[in-house]
Amino acid sequence: MGKVYMGQDSAGGLAAVKVLRPELAHDTDLAQRFVREAQAAQAVRSSGVAAVLGALTEAARPWIATEFLAGVTLDHAVDTYGPLDEPALRALAASLARTLGDIHAAGFIHRDLKPPNIVLTSAGPRVIDFGIARPEHGLTLTSTGQVPVTPGYGAPEQVLGRRVAPSADVFSLGAVLVYAATGRRAFDGGHVAELQYQVVHGEPLLDGIEPRLRELIAPCLAKDPAARPTPPQIVQAMSAPKGADRVWRKGKLADAIKQREADSRELTSQAALTSSGATPPVTRRRLLTGLVTTGAVLAAGGGATAWWIGSREGVDTTDPFDIPPAVPTPEEPLLTVDPEATDLSKPATIWSLHDEADPFSPTLLPVRDVVVFGAASGGIAAYDVKDGTQRWSAPDIRLKSGYLSLSDRLVAGADEKGVLRTYVPSTGEARWTCPEAEAKSLLAADDEAVYVVTQDDRLRSVRRTDAKVAWTVNLPGDFRKKLNEYAVVARGRLVLPTTDGNVLVVRTGDGRPMWRRTDRVGVSVRPAIENDVVYLNGRTLDACRLSDGTVLWSTKLGPSVDAADQWGPPVVTDGAVYAVGDAYPRRLDKSNGAEVWRGDRDAYVASPLLVQANSVWSVVAEKDPEDELAITTVTATEGKSVWRYIVSPLFQYRLRMAADGNRVFYLSDSAVYALTCF
């Protein structure tokens, strides 16, 4: 319900300024909830919470300013550095219990204690976000009947919408400690409803926790609120050993915290330079306008102003989420050809590059006015589609991780450390990054997120709106370490094929598996999606309903075809499906899978067909002369042959093709060519 800005008080300290979103300012219920958050945060006096520097709840856009915590959240710490050992867990439990005691002493219940709301700083854990904190007499249910509780961490009485007491926070603390000790949730389920059922009726998952710790954590998760210990009892029982807080001061986690503190000091110094007039005038949207009419933001400083950090020499201050619109695609004039003529033997070359490309580029990626591929010098590079001149390069991108177009507005890749990086396609200007992605390979992207396989082989979603991890899930055992690069996504479904021919479909909102196909063993499946249908190649070419996998139609190659033959990757257009079947390009009716035509020239089954303008392009290994590779073209409407173009010596596994803007691009060895179309 809010957007958080980086701010600065009059003393030069950084602050987190949470502002109610303008579209919600007139929602009475949410505005009141925002006010309650400010009241609760201001009422609690504890070293374990982020101190409130100021708030204004009567303005057109209410805001709350708290101290900026330069640390890492507990979920990120566990996800990155692993579960806490026993001494660190005891220190965490005792610290959080003391903080809960302070919150309860102020007459409030936090109601949303979870790993993302716990920031680990060099001084220890701090609790943030009082968004649904309420006085002890308050009900859990909102006026709309919703239950504002995080599944798996809210107490059973919260799930059921009953009146809650401070003991509800103790239950949440128990769930947090299970996560910190194991990296897994105390309750789990394939669906939110199932998960909440487990909270109310099931037993917590305490496997992997030391018996003596289990005896201390289990009572916190009692179904009966009266059976749970109080925060002071937890502090006493945990009795963290001397030096247990070293996890915040020494080691990899401490190093990460120190780095964030150093970064925040750098931001403070940049802001000081800006506010002192040592930099050029601010020309971009830097002020946090709309907070109050005077521009005074932080009440603690009276006249302090919150800034987007102003520019200075050597510092890139571009807003990483200021993404320009996609540029138009320049279209190449089409050739006019006669399929009956014999004098036009090959397409014209628009431009060519030699020794510029990495032969093992995963793909050629046309993005409006550029085409992106692996650079021979390392990383990726973008070249102008009209004349082949280089526009930009990103040498830090790890080629094996792959690269994607994000709605044609960004190009995304990952570096050696798994940091997800994005660039404006036309200019190469860097935009947002996500170190938490820990990407080993990029799978697919839609308007909401980028989907990656992590370095420890989990499936992860990174939001495009804020470059934060939306969710991370473990893959089923028969899909783990087997996903290939041909994933596709649309309409809330991510389709994941494996190297051994299986297909898993998960929901993009939370990574939950929806359906799977395991009948394509030995086939290189490259799915294609159009609207609410996904097309899968194999021994049969199947059209399946995207939502649940129901087969709408299935087309075989025919009784005379060898059983080992298969369909190649499908390509879907407005009225047809194109694919290589039994070594020939074919066009099928999209509504029922019936064959419209079969080309009279053979084609390489593993290479996807390209459909561009009025032509269909395919690749074939020549038999005469031997050991050469050819590109063939046929007409899209009738399948009549037009060109057969010898490309190079036979490097089947190195040939990459793509098409856009009435051009066909191909990469052979270290050369890239752009060809005309008809």
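This tour visits three helix pairs and two loop residues in a predicted model.

**First stop: helices α3 and α8**

Select residues 86-105, which form helix α3, and residues 231-238, which form helix α8. Two packed helices are described by the angle between their axes and the distance between the axes. Here the axes come within 8 Å and cross at roughly 160 degrees. Angles over 145 degrees count as roughly antiparallel, and α3 and α8 are therefore roughly antiparallel to each other. Their crossing is left-handed.

Now display the side chains where the two helices meet. On the α3 side, select Arg90, Ala93, Ala94, Ala97, Arg98, Leu100, Gly101 and His104. Their partners in α8 are Pro231, Ile234, Val235, Ala237 and Met238. Sorted by class, this contact consists of nine nonpolar, two polar and two charged residues.

**Second stop: helices α3 and α5**

Keep α3 selected and add helix α5, residues 167-182. How far apart are the axes of α3 and α5, and at what angle do the helices pack? The axes are 11 Å apart, and the angle is about 160 degrees. The pair α3 and α5 is therefore roughly antiparallel. The crossing of α3 with α5 is right-handed, whereas that of α3 with α8 is left-handed.

To view the contact, select Leu89, Leu92, Ala93, Leu96, Ala97, Leu100 and His104 in α3. These residues meet Asp169, Leu173, Val176, Leu177, Ala180 and Ala181 in α5. By class, the contact between α3 and α5 contains eleven nonpolar residues, one polar and one charged. Several α3 residues deserve a second look: Ala93, Ala97, Leu100 and His104 take part in the contact with α5 and also in the contact with α8.

**Third stop: helices α2 and α5**

Leave α5 on display and select helix α2, residues 74-81. The axes of α2 and α5 come within 9 Å and cross at roughly 25 degrees. Because angles under 35 degrees count as roughly parallel, α2 and α5 are described as roughly parallel to each other. The crossing of α2 with α5 is left-handed.

The residues to select in α2 are Leu74, Asp75, Val78 and Asp79, which meet Val176, Tyr179 and Ala180 in α5. This contact of α2 with α5 has five nonpolar, no polar and two charged residues. Which residues of α2 are buried? They are Leu74, His76, Ala77 and Val78. Just after α2, select Gly82, whose phi is positive, at about 90 degrees.

**Fourth stop: Lys223**

Move to Lys223, in the loop between α7 (211-217) and α8. Is Lys223 buried or partly exposed? Its relative accessibility is 27%, and Lys223 therefore counts as partly exposed. A polar atom of the Lys223 side chain lies 2.6 Å from the backbone oxygen of Val199. Next, select Val200: although 23 residues separate Lys223 and Val200 along the chain, their C-alpha atoms are 7.0 Å apart. Beyond residues up to four places away in sequence, Lys223 touches Pro156, Glu157, Phe187, Gln198, Val199, Val200, His201, Gly202 and Arg228.

**Last stop: Thr540**

Finally, select Thr540, in the loop between β28 (533-536) and β29 (541-545). Buried means a relative accessible area under 20%; Thr540, at 16%, is therefore buried. The side chains of Thr540 and Ser554 make a polar contact at 3.5 Å. Leaving aside residues up to four places away in sequence, Thr540 touches Arg520, Ser554, Thr555, Lys556 and Trp567.

How values were computed:
Residues numbered from 1 in each chain as written. Predicted model: local features only at pLDDT ≥ 70, side-chain atom pairs only at ≥ 80, totals over all residues. Heavy atoms only, no water. Axes fitted to C-alpha atoms, helices over the stretch in contact; angles between N-to-C directions. Helix = DSSP H or I, 4+ residues; strand = E, 2+ residues; numbered from the N terminus. Parallel < 35°, antiparallel > 145°, perpendicular 65-115°, else oblique. Left-handed = near helix turned anticlockwise from the far one by under 90°. Contact = heavy atoms within 4.5 Å. Nonpolar A, V, L, I, M, F, W, Y, C, P; charged D, E, K, R; others polar. Buried < 20%, exposed > 50% of the residue type's maximum accessible area, 1.4 Å probe, protein only. Polar contact = N/O pair within 3.5 Å; in protein donor to acceptor, adjacent residues only side chain to side chain.
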